[in-house]
Amino acid sequence: MRTWWKRIILGGVAVLAISQLARPSRVNPPVTAAHTIDAVLTVNPEVAATFKRSCNDCHSNLTVWPWYSNIAPVSWLLAYDARRGRTALNFSEWTTYSDKEQQDKLKEICSEVSDKEMPGIPYTLLHPEAKLTDADTGFICAWTKSMQPK
Ligand code: HEC
């Protein structure tokens, strides 16, 4: 019995050690000021602060990679999240969207935060400060609405 446990633990350690060899890239794509959301929209300070605190790790090229993002398999999950998040919505590449897409993204942002879909429970477990208050959601939706053509 005891040798079994030892084998399982040693096996687990070996798998973890080997998995460290597959290192996803944590190099953020460059940010070009002229392509960011700030280049075309006035993001008020409350909303900008909330995006920075709760969204930018997955929805911009300004991802802050925590120390545990070095360790597989967490590193793979975080890299995957950032890749998928940036594909869905990237504040650093905002001007690559057509006017229609920008309008749709603004509406989506309000609806995702109102439905409490974003920033997502796994993320807020690791980043409790990223949780949105009702006030944060209110500021975001008031802002997205103010950006729609009248
Ligand atoms: C942990 C990473 C992560 C964080 C943090 C995060 N998101 Fe997301 N978000 C995703 C991923 C992945 C997708 C695409 C898949 C999906 O819809 O679940 C997505 C999709 C979206 C979409 C849909 C875009 C579209 O056009 O389909 C919106 C809008 C969005 N997020 C807004 C936000 C906002 C606003 C915040 C901050 C309050 C936020 N997200 C925080 C990972 C994240």
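Ligand shell and salt bridges

Modeller: In this predicted model, the residues of the shell around the ligand comprise 10 nonpolar, three polar and five charged ones. Helix α6 contributes the most to that shell, with five residues.

Biologist: What makes the approach of H59 to the ligand a polar contact?

Modeller: An N or O atom in the side chain of H59 is 2.7 Å from a nitrogen atom of the ligand, and because a polar contact asks for a pair of N or O atoms within 3.5 Å, the pair qualifies. K105 can be treated likewise, since one of its polar side-chain atoms lies 3.0 Å from an oxygen atom of the ligand.

Biologist: Why is the pair R53 and D136 called a salt bridge?

Modeller: Their side chains meet at 2.9 Å, N to O, and the cut-off for a nitrogen of Arg and a carboxyl oxygen of Asp is within 4 Å, so the pair counts. It links distant parts of the chain, with R53 in helix α3 and D136 in helix α8, 83 residues apart.

Biologist: How do you know whether D136 and R53 are buried or exposed?

Modeller: D136 has a relative accessible area of 12%, and buried means under 20%, so D136 is buried; R53, at 29% relative accessibility, falls between 20% and 50% and therefore counts as partly exposed.

Biologist: Why does K100 count as exposed?

Modeller: The relative accessible area of K100 is 55%, and exposed means over 50%, so K100 is exposed. Its side chain meets that of D104 in a salt bridge of 2.7 Å, N to O, and the two are separated by about one helical turn because they are four residues apart in helix α6.

Key. Residues are numbered from 1 along each chain as its sequence is written. This is a predicted model: local features need pLDDT of at least 70, side-chain atom pairs count only at pLDDT 80 or more; totals for chains, interfaces and linings use all residues. Side-chain values use heavy atoms; hydrogens and water are left out. A polar contact is a pair of N or O atoms within 3.5 Å; within protein, one must be able to donate a hydrogen and the other to accept it, and residues adjacent in sequence count only if both atoms are side-chain atoms. Ala, Val, Leu, Ile, Met, Phe, Trp, Tyr, Cys and Pro count as nonpolar, Asp, Glu, Lys and Arg as charged, and the others, Gly among them, as polar. Buried means under 20% relative accessible area, exposed over 50%, partly exposed in between (1.4 Å probe, protein chains only).
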